[in-house]
Amino acid sequence: KVYTDLEQLDSAKESYDFIVVGGGVGGSVVASRLSENPRYNVLLVEAGPDNEGVTEIAVPGMFFGINRTYTWGHVTTPQVGLNDRSMPYTQGRVLGGSSSVNGMMYTRGSSDDFDLWGKVSGDRSWSWKTLFPYFLRNEKLVPPPGGRNASGQYDPRYHGYRGPTTVSLPWGGPTDFDLLALKNAEQSKEIKFNLEPNSGKPSGLIWVQSTIGNGERCSAAVGFLGPEARERPNLTILLNTQATRVLPSKESRQLDIRTLEIASIASGKTTTVTAKKEVILSAGAFGTPHLLLNSGIGDKKDLEEVKVKVIHHLPEVGKGLSDHLTFPVGWTANDTIKPVDYPAALEQWQTNRTGPLTEAVGHQVMFARIPPNAPLFKEHRDPASGPNAPHIEITLATQGAQVGAYVVLLTPKSRGSVKIASNNPLDKPLIDLGFLTHPFDIEAIKEGVRLAKRWYDGPAYKGYITGFLGPDPDTLPAEEFANQLKEAAGTFWHPVGTATISPKGAKHGVLDPDLKVKGVKGLRVVDGSAIPYVPTAHTQASVYVLSERASDLIKNSW
Ligand SMILES: Cc1cc2nc3c(=O)[nH]c(=O)nc-3n(C[C@H](O)[C@H](O)[C@H](O)COP(=O)(O)OP(=O)(O)OC[C@H]3O[C@@H](n4cnc5c(N)ncnc54)[C@H](O)[C@@H]3O)c2cc1C
């Protein structure tokens, strides 16, 4: 059942085995998987409204125009590495969380990224090999919208066909622009065509796979909290309600936390609910540390500064934020492009769920490694998780007379933080991305731009690409390039690492490898915060697979 207001929960007077905070990727998966077992009564608390019936969320091509009522309206702190610029930072505040507002690209990343989870947590049961079956359990690969034959654009052996998350290749293509890229990859020594980016070896030119089914966005809410889950008598979804704090039990000698304080967004009315078994925090990489800090779980000194009563000194809560920085570059091109006729495209989408609005991003992207002889590796240790992990992603997009690319740094060394500004849990968190605070990252972006330049210098683009618009690290003075980078850099919205796993018993980290908050009974974290290093991919697939495995860990422990 779905409650839209706290009053409905109060009158129901039910008791819950598990309370899950946040209905994004982590929370939707966990609440849905746990309530598959009729013996567990599960409550899911989400700050935002329902995703159902919202056209702009369902239509993939409306991704850039989603109404701000469905997001948190975060703005970062002034970024030291970006000439003190503050940036708006989109995060979903609606059922489905950021998967209801994201770009839908489905990329798992490198096998090395997941093996690294095992290394840093001292628990090798986190690895590509153990997680791979969960990717398959989570996914349902379907034909592109309209049924286009996509063979030769992916490898069917690496996909799942019965899971809740629908994945498909683009409706359109290959366009002339796609064909040029494929031809260039045939001739390139550096970036080859890679049939399957989700095999654990993502490098190369790839066809984009997206969490889209039948031409509609498949968010975590669509996949995991659809009509069947909503009808379960043992699952309650409470919307428009913000969790403000977790509270320790007074009776227990060991810190035992199973009570949640929640506030109605509409009325401000607050109440508490207690789980019989566990409270699971899935409020995302900003929301989860925000909630822990407001509850007095974090660095003692930081908490005392904002007059929050410390209940558990856990210094790394909110530290270690890691995200993907993006930098736009451009070329002039000998091309014209017919602009999309939006009213006609919307009518087509409404009629049969086909057409350009079934696509949110381009058809192809590239993942590449910085060459091992690049000068930056003389000064800096390579931060990649292993040989299968690319350092750079380059998007491919034609706007007719111009070709644009976002150069994305997949292996940043810079780290940021999430803090609280006051002891009012309804105040926004202080989000510091720490972008470009490590010198490696500036040099790595330069190498990324050089990779993109070498790509468009390829023989297939002769006569098509007519010039590089820059910013060019090879012609601009170093300081001027750095300045242009600082002015134009943005994010791909992949924050992780703000409550990470570490070995059991370790002094650092926030969670044990089973995702339980260190030193606390009854409290786990299941979302992007737990991931120690940002994977070399768009992050939703990693959060899906973490949450699928977490659901089994939780089920098996009760
Ligand atoms: C604009 C954008 C584009 C993106 N594009 C892509 C892409 O193309 N491909 C890809 O793989 N990934 C993409 N991502 C990233 C991907 O969506 C995230 O990695 C993923 O959603 C993270 O899952 P999560 O469970 O950690 O957090 P979220 O999905 O953000 O869920 C957190 C949920 O918790 C709720 N919440 C927070 N605080 C509270 C509270 N105190 N009380 C109650 N509820 C609370 C939020 O409202 C939200 O619903 C994008 C993200 C954004 C924002």
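A residue counts as near the ligand if its C-beta atom, placed from the backbone, lies within 6 Å of it. With that in hand, let's walk through this predicted model.

Q: How many residues surround the ligand?
A: The closest ones include Gly22, Gly24 and Gly97. Gly103 and Gly287 also belong to the closest group. The full count of residues around the ligand is 40.

Q: Which element gives the most residues to the shell around the ligand?
A: The elements that give two or more residues are α2 (25-34), β12 (241-248), α9 and α15 (540-556). The top contribution is four residues, and the helix that makes it is α9.

Q: How many residues of the shell around the ligand are charged?
A: Polar residues number 23 in this shell. Another 14 are nonpolar. That leaves the charged residues, which number three.

Q: Which strands does helix α9 lie across?
A: Helix α9 spans residues 284-294. Its direction makes an angle of about 45° with β23. The strands it lies across are β17, β23 and β24.

Q: Why is one side of β17 and of β24 left without a neighbour in the sheet?
A: The three strands form an open, antiparallel sheet in the order β17-β23-β24. β17 (319-321) and β24 (429-432) therefore each have one free side, because both stand at the edges with a single partner strand.

Q: Which residue in β23 stands opposite Leu321?
A: β17 pairs with β23 (residues 416-420) over two bridges, in the antiparallel sense. Across from Leu321, the residue in β23 is Gly416.

How values were computed:
Residues numbered from 1 in each chain as written. Predicted model: local features only at pLDDT ≥ 70, side-chain atom pairs only at ≥ 80, totals over all residues. Pairing = 2+ DSSP bridges. Contact = placed C-beta atoms within 7 Å. Axes fitted to C-alpha atoms, helices over the stretch in contact; angles between N-to-C directions. Nonpolar A, V, L, I, M, F, W, Y, C, P; charged D, E, K, R; others polar.
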